[in-house]
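Please find below a colleague's note on the model under review. The points are numbered and may be read beside the coordinates.

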Amino acid sequence: MTKNIEIKPEVVFKRDKIEFKPIEINAYNKSIDEEKKLFSKDDFKTIYFDMCILRKFETILDKLKKEGSYKGISYDHRGPAHLSIGQESAAVGQAFTLDVTDHIYGSHRNHGEVLAKGLSAIRKLDDEKLIDIMENYMDGSILEVVGKNHNGSYKELAMKFLVYGTYAENFARKTGLNKGMGGSMHVFFPPFGIYPNNAVVGASGSIGPGAALYKRINRTEGIVIINIGDGAFSCGPVWEGICISTMDQYRTLWDKELGGGLPLIFNCMNNHYAMGGQTCGETMGFKILARLGAGVNPDQMHAERINGFDPLAVIDAIKRKKEILRQGLGPVLLDTVTYRFVGHSPSDASSYRTKEEIEMWEKVDAIKTYKNKMISNNILTEGELEEIESETEDLVFEMFKLAVDIKISPRIDDKEYIGKVMFSNIKVERFSERTPEVNHPLSENPRVIQIRSKVRKGFDENGNPVPKMKAFNFRDAVFEAMMHRFYIDPTMIAFGEENRDWGGAFGVYRGMTEALPYHRLFNTPISEAGIVGAAVGYAIEGGRAVCELMYCDFLGRAGDEIFNQLSKWQSMSAGILKMPVVLRISVGTKYGAQHSQDWSSLVNHIPGLKVVYPVTPYDAKGLMNKALSECDPVIFFESQKIYDYPELFNEAGVPEGYYEVDFGEPAIRKKGKDITIISLGPFLYTALEAAEILENTYKVSAEVIDLRSIVPMNYDLILESLNKTGKVLLGSEAVERGSYMHNVASNITKLAFDLLDAPPVVIGSRNWITPAPELEDIFFPQKEWVLDAIHENIIPLDNYIPGTNQSAAETKRRYKYGI
């Protein structure tokens, strides 16, 4: 536990200095005779073969984008093409020594890395395994195309499978590696250890650490390599990923049997340009990127700069760095120097660099240099090399022709297909059959024992409120659901800021520290992007993760990871990948403008996320159980106002055993016949107070509905209520402008127009900053606002005098001034 790592003033204040070790730059200097001993003639051929495959593959794409055709084959390629022509040796050298269990994650400029890793994997897999992969992947649809008239070996067939599948993915065909759902910038193929490539610069920098965490925690073979460009090292998620990757606790607090530091390489494909910005001398100050490692940890991330134009130098570096990772001393930073001869994309005229600079690099073209080296040192003859060139030209061109032929390689014809792969809706009890690692039986956990003595509902048998300290509450409910799954699924982990020892910022995790070893519940740096990105990577590899954002206001710090990563990989993979991640987000109160905002409406706008907002202990446990049994990403909002609330609605209280609450099913909290009040979040309790006044004072019977979920949403119960009442007010504690409740109101108008006696009315918090707690009554919706809005817009209440202005005219005024 961290309390055993004492911080001593005499150590902190001791006079000393930090010393840095030299960082190697282009240290590879093996002679040709040494290289001949390390590599066979077939190895030298393989390296040249693979570089030629990569060059030809992208040359065709380049011609296609610029001229519209290649060798008489015309095609209007409307998608992107971020090419790495010139960088082939760096990709081939890296992949040469990697095993199938070594996983690569990359960037938008990924074709070369995908092909190189795939070709390497094909050579390492036996024929039986290759056949199994090709026959079963996407129901054999790719094999059906490339297998016709094939007369060669299974490995040759697999090479066709790889090249064709990558082309078809680029061209949005259903025979692509991801059925055309990913496209050029996101292509991947897990059976060969090729994991998601990312169109968002640097995004793999936060995801890769999660993949390495999965390997370490679940003791699976292999390493993880993150391939990103030099420009990505100015991105926040990359640095947050580095912080997550270099946490001391892997070596100081985790079980030594797990292996120590993460098996991870941050590999910079350093082509010197971030689009047009030149990282060395212009947009960044490191001069040599490998220098960055020196500031991260005492190992300096074992940083090194290597010559990416020499595939043998890259092979040497990867072998050495893999050994460092095997010893548990990761992660590693590699600065692989390379150069792209082409622009950022075909529309890029390279106006930011001189023609002479490009020509200088073309003179030392890695493929030409390697060819000359083979010939001059009598390793391969010119004839043998030309034969390889011809063979690769024929293979790639043939696969290109198949991929552009719309009859052979059609696009998805089901217009609703994308919708069908947005969510998996699959239940998985556990992602591994091994026994979960825990510190003691669940029944012996101190908090479990303490909860046993609690009353599991808010009222006793006489209808009197149960004292707060004796009542089973919201935080107990979340705790029970999570502990249930921890003791079933050995892959499940939870992490975030202050998760361990502290018990989570709001006490939900108290008792878990005693129950779980460090690698299943751990603290992270204050790195929201890194936290969510790591959860994404962990899930992609096959594990279940629960991560936490301490405040909803911090959601923006993890914006890309939530909006572009967590939400999209299931659909961009055509359903191949699953995303069993629960992101707990606490919605604050009394902490002012930057800690008390309800941003639930933001995630509603992002396709691919399931979103729930329970406000009762029964729902909290049931919805968390549901979220932890499925494979879809769930945003789980929790209001800080109600962590101590008991169960007030389910007459039997909160069951001790396992149960689920279905997503998207609203619940009636109070029956009524005159008006429907629809609530989201803790506004439920305000609505109930207002409903009581309406009934007792004004004889208006209000039916109160708690949405419980945001995505998905079943409107049947709402429509049944409106068929009865014909009137509706909707409210939440999110600011009124852009509130999710407007979305619901709009759908109600569309679905129940003929049932309505008046337009739906939406209330929410004021469109201001959240003020100090002493002023919250003028910001958050109050029961009086509900009465005012009903009186002025829906039902005039007898002898009622509004205390606030909730009229249509006031709404118009507020919008005019943006408030």
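1. Which residue in β19 is the bridge partner of Ile678? The partner is Ile705. The model is a predicted one, and this pair belongs to the contact between β18 and strand β19 (residues 702-706), which are joined in the parallel sense by five bridges.

2. The surrounding sheet is open and consists of five strands, ordered β17-β19-β18-β21-β22, with mixed pairing. Its edges are formed by β17 (667-670) and β22, each of which pairs on one side only. On average, neighbouring strands of this sheet are turned by 25 degrees against each other, direction ignored. Helix α25 packs on the sheet and touches β17, β18, β19, β21 and β22. The direction of α25 makes about 170 degrees with that of β19.

3. A further helix, α28 (residues 783-793), has as its buried residues Trp785, Val786, Leu787, Asp788, Ala789, Ile790 and His791. What do these buried residues of α28 pack against? Their partners are β18 (675-679), α25 (683-698), β21 (728-735) and β22 (761-765).

4. Strand β16 (residues 634-639) is mostly covered, with six of its six residues buried. One side carries Val634, Phe636 and Glu638, the other Ile635, Phe637 and Ser639, and all of these are buried, so that both faces of β16 are covered.

5. Two pairings of β16 deserve separate mention. Strand β14 (residues 581-587) pairs with β16 in the parallel sense over six bridges, and Val582 has Val634 as its bridge partner in β16. Strand β15 (residues 610-612) also pairs with β16 in the parallel sense, over three bridges; here the bridge partner of Val611 is Ile635.

6. Strand β5 (residues 224-229) is likewise mostly covered, five of its six residues being buried. Strand β3 (residues 103-106) pairs with β5 in the parallel sense through three bridges, and Tyr105 stands opposite Ile226 in β5. With strand β6 (residues 264-270), β5 runs parallel and is joined by six bridges. Within that pairing, Ile265 in β6 is the bridge partner of Ile225.

7. How do helices α9 and α20 cross, left-handed or right-handed? The axes of α9 (residues 204-217) and α20 (residues 528-541) come within 6 Å and cross at roughly 55 degrees. That angle makes α9 oblique to α20, and the crossing is right-handed. Residues of α9 in this contact include Gly210, Ala211 and Tyr214, while those of α20 include Gly533, Ala534, Val536 and Gly537.

8. Lys65 is found in helix α3 (residues 41-67). Is Lys65 best described as buried, partly exposed or exposed? Its relative accessible area is 28%, and because buried means under 20% and exposed over 50%, Lys65 counts as partly exposed. Not counting residues up to four places away in sequence, Lys65 touches His77, Arg78, Gly79, Ala81 and Pro346. A polar atom of the Lys65 side chain lies 2.6 Å from the backbone oxygen of Gly79.

9. As a point of orientation between two of the regions above, Lys65 and Val536 are 471 residues apart in sequence. In space, the separation of Lys65 and Val536 is 33 Å, C-alpha to C-alpha.

Conventions:
Residues numbered from 1 in each chain as written. Predicted model: local features only at pLDDT ≥ 70, side-chain atom pairs only at ≥ 80, totals over all residues. Heavy atoms only, no water. Buried < 20%, exposed > 50% of the residue type's maximum accessible area, 1.4 Å probe, protein only. Helix = DSSP H or I, 4+ residues; strand = E, 2+ residues; numbered from the N terminus. Pairing = 2+ DSSP bridges. Contact = heavy atoms within 4.5 Å. Polar contact = N/O pair within 3.5 Å; in protein donor to acceptor, adjacent residues only side chain to side chain. Axes fitted to C-alpha atoms, helices over the stretch in contact; angles between N-to-C directions. Parallel < 35°, antiparallel > 145°, perpendicular 65-115°, else oblique. Left-handed = near helix turned anticlockwise from the far one by under 90°.
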